[in-house]
Amino acid sequence: METFLTILLDGLQFSSYLFIVSAGLTIIFGVMKILNVCHGSFYAWGAYTAAFFIGKFSDMGMPDAVGFLIIVAAAIAVGVVLGFIIEQGILKYMYQRDEVLIVLATFGLFLVLEDIILIAFGTDPYFAYQPMALLDSVEMGGIIRDVYGLSLIGVATMVAVGCWFLLNKTKWGVILKAVIFDREMGISMGINVPFVYTLTFIGGAILGGLGGAYIAPTISVAPGLGTEVIVLSFAVVVVGGMGSIAGAAIGSLIIGILRALAVHELPQVELFVVFAVMAIVLVFRPEGLFAPAKPRKI
Amino acid sequence: MTRAAPIIEIRDLLKTFGAVVAAKDINIDISRGEIVGIIGANGAGKTCFVNMVTGYLSPTSGSITFEGVELVGKGPREVTHAGISRSFQVSQVFHSMTVAENLRIALAIAENRGVNALRIMESDALEAKCNDVLKRYKLEDYRDMTVSVLSQGIRKLLDIAMAVVSEPRILLLDEPTSGISVEEKFDFMDVVMGALKEDNVTVLFVEHDMEIVERYVSRVLAFYQGEIIADMSPDKALADDKVQEFVIGKRH
Amino acid sequence: MLRDTTSKVVLFGGIAIILLGAMMPNWIVNQLMFGFSRALAILGLLVLWRTGLVSFGHAFYFGLGAYTVAIVDIQLGVTDVFIRLLGGAMIAGFAGFVIGFIMRNYRDIFFAMLNTAISMVLYGIIVKTESLGSTDGFAISLPTIFGIAPETKYPLFVIITMIAMISALAVNFYLKTTVGRLTTPIRDNEIRVEYLGFSVAHAIHLKYTISAVLAGGAGALMAMSLGQVDPDSMINWTVSGELVFITILSGPGNVIAPFIGSLVFEVLRTYAFELAPQAWQLIVGATFLTIIFFLPGGIWSLIAKLGRKNS
């Protein structure tokens, strides 16, 4: 029972963090049809920025609770600055080109951003445990969990509800859906598509940054952070269906729980299982389990 | 005049998409050398018929026998191998290649089946054939121009020329004159039909333009709601009441 | 068959490099070995890239080739350079042939991602399996040539250069055949290719298998040149990305391009590690973007331009 609960909570926590990052990836793909490899960098930048400032502010004697503000501020700052620069500076000029070529360009960006991290923050790991220490831990069903980890599930739920609300209950949602469904139709309806693209990319980048910033207090923030997370998020969006928020949620749950199960019960297959599921889904249902509807073009 | 055995026999062809009937009770025999015009309003089932004969769609039931070989169940590639080619309503050519490059690929594929595809493609013989086709289809002037810069008419000529290089016995043309200006349509058809006559190909073509039908075909098949409502010579067909009403749209 | 300019350049250039190699210092010979080994994989990716297919997972075949060498060495004590190479290329080729049945139905990013997924499965297995060397990998014993253990690296260098020449000539020939010419046609219009009477799936399957054999051979030669294998520098997705990078850097124009591109990559890496060890990925990434934006034909397009000016 205790093992079961541990696996479940580990799985949910892992799913939550995957979902926050993947939601950003899938929104960008859904609206812009860009598979954004440098999404991994948004995550890494979010983590580094948060860890760096949490450490700095703590040294200055600020209360630990400020850490939470920093996490949110770091995510927004990373998303707005990097998202804006990349979309306006590079991607804007690539929309006419082959989608595979755009993937390669974002891979190039990923490499550049990885090294700028090294140059900016050095190779030594950062520890930003303060927000985590602040929240303490609780006993649930015989096991002790830290509250900070559990709060991740809450943040992911908030992100999911927020995305759902934005897409289904606001004027913005209508515009986004129109562009997702058919870009040309969106233009003919008078939607300022370039502007929608910029905002979407920034929004997606903020989610990537938030994933990194929120996870930062629980890990040692060290080089190479983005490399693993990007392939895992790829697996999530492929399993769920690229471009679908609900798909990203289901994909995260499947991959998060499978991975937690593997870590506890069969550590040899930990990495294997995630990508095996991804490959199987691609083979049998290439559009993913929850692909959004596509317009007929013929 | 004795009638030779038909080159293609179509029996009880039926195609449904859910509740929609796209083709029904289609029974046709076509003899070698016939030029058949397929007419009908939009959505009458003409393109669906062409797609079934050329293996792009498989019929719900029925049979298509070509030179004694059953075609139902065969895909586009196998139908091409059997000896039936087609052109398209919107030309399907390699748009980032030149006209000559398009033809060379078409010729090479037609000649090098199976393991032979691993032979060097370019040769003097291929070049000579390519020049011959360019000449017959009046494409010499466009030889080294990239397809994407050419007019729809030239693209359609190329599309047809590429369909013919495999020396098919039956050629299906899907609206050959659509997208071609009124002034050019007869010149265009003269080039195409002239070239095809040399090869003695049986031709079926879908056409909206009754002037073209009148001038070039020896037999008309009129489609209405997936069924053939008239199968007769063009002069009779164009005077036929049902054809007048359901195809041409005139009320009397 | 060998009458065209490219074949002549490969033949005479290769022979010249072999002869010059005897006089060159060790470090240059090493660079050439690494460069030529990796170039084989790039040659395979070039075959796919011309048809518009980009695999973000060919480290799978590269890694299979490399690990085959390690395993036949450790388990069976096979040291012969040719058996190792053949083993690596054949295992990878067989895997490519089998996986090709699935892969031939995929295009664009789905093709790229399915390859990534498969390569990451192998990565995941090797990283977690002690008997496969886990994250540390294996050291590989020096290869022998017909039973003789060479004292210098030069004989291995000669063999690698010759394999590179043969592969370049073979691919150059393949690209001139009918199926080899089905590159832009498949990218432009698959329906037309089918209606001309050629199976697009068969064509892609062949291209994919060729690329797998070449990547496997590349991995095998690289393993022998380096004397070791490990998952992070041979199978991780970043390695696949690196292979794609060199392919774009080289350009699809000619079979010689991958060799030039790979050498440029080796030199770039050596100097980058000396001058700015923390900026290696930055240099690669920036070069990548520059090529995509300003030089879509890769380095080869520069060489082709020079060639046209001089003639």
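The legends below describe close-up views of a predicted model.

**View 1. The two domains of chain B.** The domain assignment splits chain B into domain 1, which covers 1-83 + 169-252, and domain 2, which covers 93-166. Between the C-alpha centres of domain 1 of chain B and domain 2 of chain B the distance is 26 Å. Where these domains touch, domain 1 of chain B gives 12 residues and domain 2 of chain B gives 11 residues.

**View 2. The side of domain 1 of chain B that touches domain 2 of chain B.** Two or more residues of this side come from each of β7 (170-174) and α6 (185-199) of chain B. The largest share belongs to α6(B), with 5 residues. Sorted by class, this side of domain 1 of chain B holds 8 nonpolar, 2 polar and 2 charged residues.

**View 3. The contact between chain C and chain A.** Chain C takes part with 34 residues and chain A with 36 residues. On the side of chain C that touches chain A, at least two residues each are supplied by α5 (108-128), α12 (237-250) and α14 (280-294) of chain C.

**View 4. Helix α5(C) in the side of chain C that touches chain A.** The helix α5(C) spans 108-128 and provides the largest share of this side, 16 residues. The class count for the side of chain C that touches chain A is 24 nonpolar, 8 polar and 2 charged residues.

Technical notes: Residues are numbered from 1 along each chain as its sequence is written. Chains are lettered from A and ligands numbered from 1 in the order in which they are written. This is a predicted model: local features need pLDDT of at least 70, side-chain atom pairs count only at pLDDT 80 or more; totals for chains, interfaces and linings use all residues. Domain bounds come from an automatic or database domain assignment. Two residues are in contact if their C-beta atoms, placed from the backbone, lie within 7 Å. Helices (H or I, at least four residues) and strands (E, at least two) are DSSP runs, numbered from the N terminus. Ala, Val, Leu, Ile, Met, Phe, Trp, Tyr, Cys and Pro count as nonpolar, Asp, Glu, Lys and Arg as charged, and the others, Gly among them, as polar.
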